[in-house]
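Here is a short guided walk through a structure, meant to be read with the model open beside you. Take a moment to find your bearings before reading on.

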Amino acid sequence: MKALVSVLAVAVLLASAVRPAIAHHSFAAEYDDQKPLKITGTLTKVDWMNPHIWYYVDVKNPDGSTTTWAISGGAPGQLMRRGITKDLLVVGSTVNVEGFKAKDGSNNGFGQRVTYQDGRNVFTATDPAGRAPK
Amino acid sequence: MKGMTSKALLLALVVACPCGWSYVAGLDAQQAASPAGVPRTADGKPDFTGTYQWPTYLPGDERGRSSATVFDRKRFAPLKPGGDVFLEPRTGDPRHDEPRDFCMPAGFPGGMLSANAMQFFQTKNHLVMVHEFQRMSRVIPLDGRAHRKGLEPMYYGDPVGRWEGDTLVIETVNFKRWGLDDYYYTNSKEYRMHSDALRTVERLRWKSPTAISYALTIDDPKIFSAPWTQEFEILSKPEWDKDGLFEYVCEENNRCPGGKCAEPK
């Protein structure tokens, strides 16, 4: 029994290290932690809306075509109370997004880490004007 | 143990764990007078008007993986025979398995434990609790009236409040069967559902000028063999006043209901 409980506890800890916290619905409802997402592209639009923000990234393909990805983040209210505001996501910028793909195979995903080309983390570091989050 | 399912294991843990469910010490503490310096109304009652963080854990309590606060299974009373309906099996239908993903209400107490700001407004005869998550609002009469009769069961139930010294006691009844908390974010096998017999009792008491003790009793005689209580802490956040609560309209841009996403344009 003890061994089984320990195994379960370790499994939960490992899972928690991978999956981000989401407030409105569980991560598993929409995303697949076995499908990592890593893209670089141009930020084209930001929906600073409930229940989660979404931002859109155009990724150039080798054949010259473009794929648009929609990436989800936290709820606007929760982000703003942490000092993270819409203007930190600058439309037209090149961003790197790391996260997980949607379960349904569509071009949607959850962004766990978003950085500008100079390495600044959009959600935890300074904004493009050099201001620290409030 | 070989071949034991996750659900069976969890039930064994719940039934075997007697710790915490009587919770005598915490209730005794609730009867104590508030310390000096806490906010009070003109008529001397503790004043809970203000802006707050959602109820958060006391040290040592089990935490879930999501940002919302969840109940610690150590607090649970043993399940009654037939109480295993507390752990609702998943069916594969997302409307059943995760109704919040379709912007259905969180309900009480789950919504109260969501990780968003709250604002309370207190008058002589009412306490209004507004929670940023789903803009949940609870209007709690304090004028001694009884629960309303003849209403359909509700996601948030029917609350009435009364004073016991410096403690505000809120009793809520007439719930629809619904999710108790967000623990299924942590373990999808543990989809905790309270019954329509749920009665909750909240006890709010200033324990310092900046923190409210929030003891939440779950009395669900179709599920548990006795009421059980978990104490949380609600921290005052006057610095959040200037921004106030933000709008929360879940339907505004819910792009992946049930895991079926709209293609990006």
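What follows looks at a sheet in chain B, then at the nonpolar cores, and then at chain A and its contacts. Please keep in mind that this is a predicted model.

**The sheet in chain B**

A good place to start is an open sheet in chain B, built from 4 strands in the order 1-2-3-4 with antiparallel pairing. Its edges are strand 1 (50-52) and strand 4 (136-141) of chain B, each of which pairs on one side only. On average, neighbouring strands in this sheet are turned by 15° against each other, direction ignored.

The table lists the strand pairs of chain B with their bridges.

| Strand pair (chain B) | Sense | Bridges |
|---|---|---|
| Strand 1 and strand 2 | antiparallel | 3 bridges |
| Strand 2 and strand 3 | antiparallel | 5 bridges |
| Strand 3 and strand 4 | antiparallel | 6 bridges |

Individual residues help to locate these pairings on screen. Tyr52(B) stands opposite Met118(B) of strand 2. Further along, Gln122(B) faces Leu127(B) in strand 3, and Leu127(B) in turn has Ile140(B) of strand 4 as a bridge partner. His126(B), for its part, stands opposite Pro141(B) in strand 4.

Two hairpins are also worth a look. Strand 2 and strand 3 of chain B form a hairpin with 3 residues between them. The hairpin of strand 3 and strand 4 of chain B has 4 residues between the strands, and in it Gln134(B) takes a positive phi near 60°.

Strand 2 of chain B (residues 118-122) also has two distinct faces. Met118(B), Phe120(B) and Gln122(B) make up the covered face, while Gln119(B) and Phe121(B) make up the uncovered one. Why do the residues divide in this way? In a regular strand, side chains alternate between the two faces of the sheet.

**The nonpolar cores**

Which residues have the most contacts inside the largest nonpolar core? In this core of 45 residues, they are Phe48(B), Met118(B), Phe120(B), Leu127(B), Ile212(B) and Tyr214(B). Several elements of chain B give two or more residues to the core, including strand 2, strand 3, strand 4 and strand 6 (167-173). Strand 10 of chain B gives the most, with 5 residues.

Leu127(B) is a handy residue to click on here. Setting aside its neighbours within four places in sequence, Leu127(B) is in contact with Phe48(B), Phe120(B), Gln122(B), Ile140(B), Leu142(B), Gly161(B) and Leu168(B). Apart from the largest core lies another, of 24 residues, and among them are Tyr55(A), Trp69(A), Ile84(A) and Cys256(B).

**Chain A and the contact between the chains**

Now for the partner chain. Chain A has 3 helices and 5 strands, and read along the sequence they follow the pattern α-α-β-β-β-α-β-β. Of the 134 residues in chain A, 32% count as buried. Among chain A contacts between residues at least 6 apart in sequence, 52% join residues at least 24 apart.

How many residues of chain B are in contact with chain A? There are 34 residues of chain B in contact with 34 residues of chain A. On the chain B side, the touching residues divide into 16 nonpolar, 9 polar and 9 charged.

Terms used: Residues numbered from 1 in each chain as written. Chains lettered and ligands numbered in written order. Predicted model: local features only at pLDDT ≥ 70, side-chain atom pairs only at ≥ 80, totals over all residues. Pairing = 2+ DSSP bridges. Axes fitted to C-alpha atoms, helices over the stretch in contact; angles between N-to-C directions. Contact = placed C-beta atoms within 7 Å. Nonpolar A, V, L, I, M, F, W, Y, C, P; charged D, E, K, R; others polar. Buried ≥ 20, exposed ≤ 12 C-beta atoms within 10 Å, placed from the backbone. Core = buried A, V, L, I, M, F, W, Y, C linked by C-beta atoms within 7 Å.
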